[in-house]
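Please open the model in a viewer and keep the sequence panel visible. The stops below are given as selections, each followed by what is found there.

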Amino acid sequence: MRTPFWQTKALKQMTPEEWESLCDGCGRCCLQKLEDEETGEVHNTSLACQLLDIASCQCSDYEHRKEKVPECLKLSVSDIPHFHWLPETCAYRLLAEGKPLFDWHPLISGRPDSIHQAGISVRAFAQSETTVPEEDWEDYIIPLHNIDH
């Protein structure tokens, strides 16, 4: 039995396909975040990017997301020093910190729906950002412990 690539390769050594497969499909990075101007602290909201299909927790237009949502972040190897803003459950962050993937990660479980069954995805609580005026987004801040397991 071969050792999985994420246990033998550094993030910067992965192929584009391997890199993409690390995404567990939780949708957490697609939640809108608000930064406190005084403290610099970043707060998650329960509001998802307009392109997130909340039922599947997949981008509805992944190939063209940067054109449609210019502020969408495309994770890359050069971003590794900044992965601290990602959820503590995120494979990119875990591997960057030298930690193992959780058992519910689809690469471990072999099932893409394991992320939902484990209650890690945003499917149960997120709503589209288009349903709330931006000036009211502060009302939708959620504590990190509600989404980090």
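Select Asp61 and Lys68 in this predicted model. Their side chains form a salt bridge, with the closest N and O atoms 2.6 Å apart. Asp61 counts as buried, because its relative accessibility of 16% falls under the 20% limit.

Next, select Glu18 and Lys9. These two also form a salt bridge, and the closest N and O atoms are 2.8 Å apart. Glu18 is buried at a relative accessible area of 15%, whereas Lys9, at 27%, is partly exposed. The structure holds 5 salt bridges.

Keep Lys9 shown and add Met14. Beyond its neighbours within four places in sequence, Met14 is in contact with Lys9, Phe5, Trp6, Trp19, Leu22 and Leu95.

From Met14, move to the largest nonpolar core, which has 15 residues. Select Trp6, Leu11, Met14, Leu22, Phe83, Tyr92 and Leu95: these members touch the most other members of the core. Then colour helix H1 (5-8) and helix H4 (91-96), each of which supplies at least two residues of this core. Which helix gives the most? H4 does, with 4 residues. A second core, separate from this one, has 8 residues, among them Leu31, Val122, Ala126 and Ile142. In soluble globular proteins, nonpolar side chains tend to be buried together.

Stay on helix H4 and select Arg93, which is found in this helix. Is Arg93 buried or exposed? Arg93 is buried, with a relative accessible area of 14%. Leaving out residues up to four places away in sequence, Arg93 touches Phe83, His84, Leu86, Pro87 and Glu88.

Now add Glu97 and Lys99 to the selection. Salt bridges link Arg93, Glu97 and Lys99 in a network. Within this network, the side chains of Glu97 and Lys99 meet at 3.1 Å, N to O. Glu97 is partly exposed, with a relative accessible area of 38%, and Lys99 is partly exposed as well, with 42%. Side chains of opposite charge can pair when their charged atoms come close.

For the sheet, switch to a cartoon view and select residues 31-35, 42-48 and 127-128, which are strands E1, E2 and E5. The 3 strands form an open sheet in the order E1-E2-E5, with mixed pairing. E1 and E5 are the edge strands, and each pairs on one side only. What is the sense of the pairing between E1 and E2? The two strands pair in the antiparallel sense, over 4 bridges. To check the register, select Lys33 and Asn44: Lys33 stands opposite Asn44, which is in E2. Strands of a sheet pair through backbone hydrogen bonds, either parallel or antiparallel.

The last stop is the cysteines. How many disulfides does the structure hold? There are 0. Select Cys30 and Cys29: the sulfur of Cys29 is the nearest cysteine sulfur to that of Cys30, at 4.3 Å, and Cys30 is in no disulfide because the limit is 2.5 Å. Cys30 is partly exposed, at 26% relative accessibility. Then select Cys59 and Cys49. Cys59 is likewise in no disulfide, and its nearest cysteine sulfur, that of Cys49, is 6.3 Å away. Cys59 counts as partly exposed, at 27% relative accessibility.

Terms used
Residues are numbered from 1 along each chain as its sequence is written. This is a predicted model: local features need pLDDT of at least 70, side-chain atom pairs count only at pLDDT 80 or more; totals for chains, interfaces and linings use all residues. Side-chain values use heavy atoms; hydrogens and water are left out. Two strands pair if DSSP finds at least two bridges between them. A nonpolar core is a set of buried Ala, Val, Leu, Ile, Met, Phe, Trp, Tyr and Cys residues joined through side-chain atoms within 4.5 Å. Buried means under 20% relative accessible area, exposed over 50%, partly exposed in between (1.4 Å probe, protein chains only). Contact means heavy atoms within 4.5 Å. A salt bridge is a side-chain nitrogen of Lys or Arg within 4 Å of a carboxyl oxygen of Asp or Glu.
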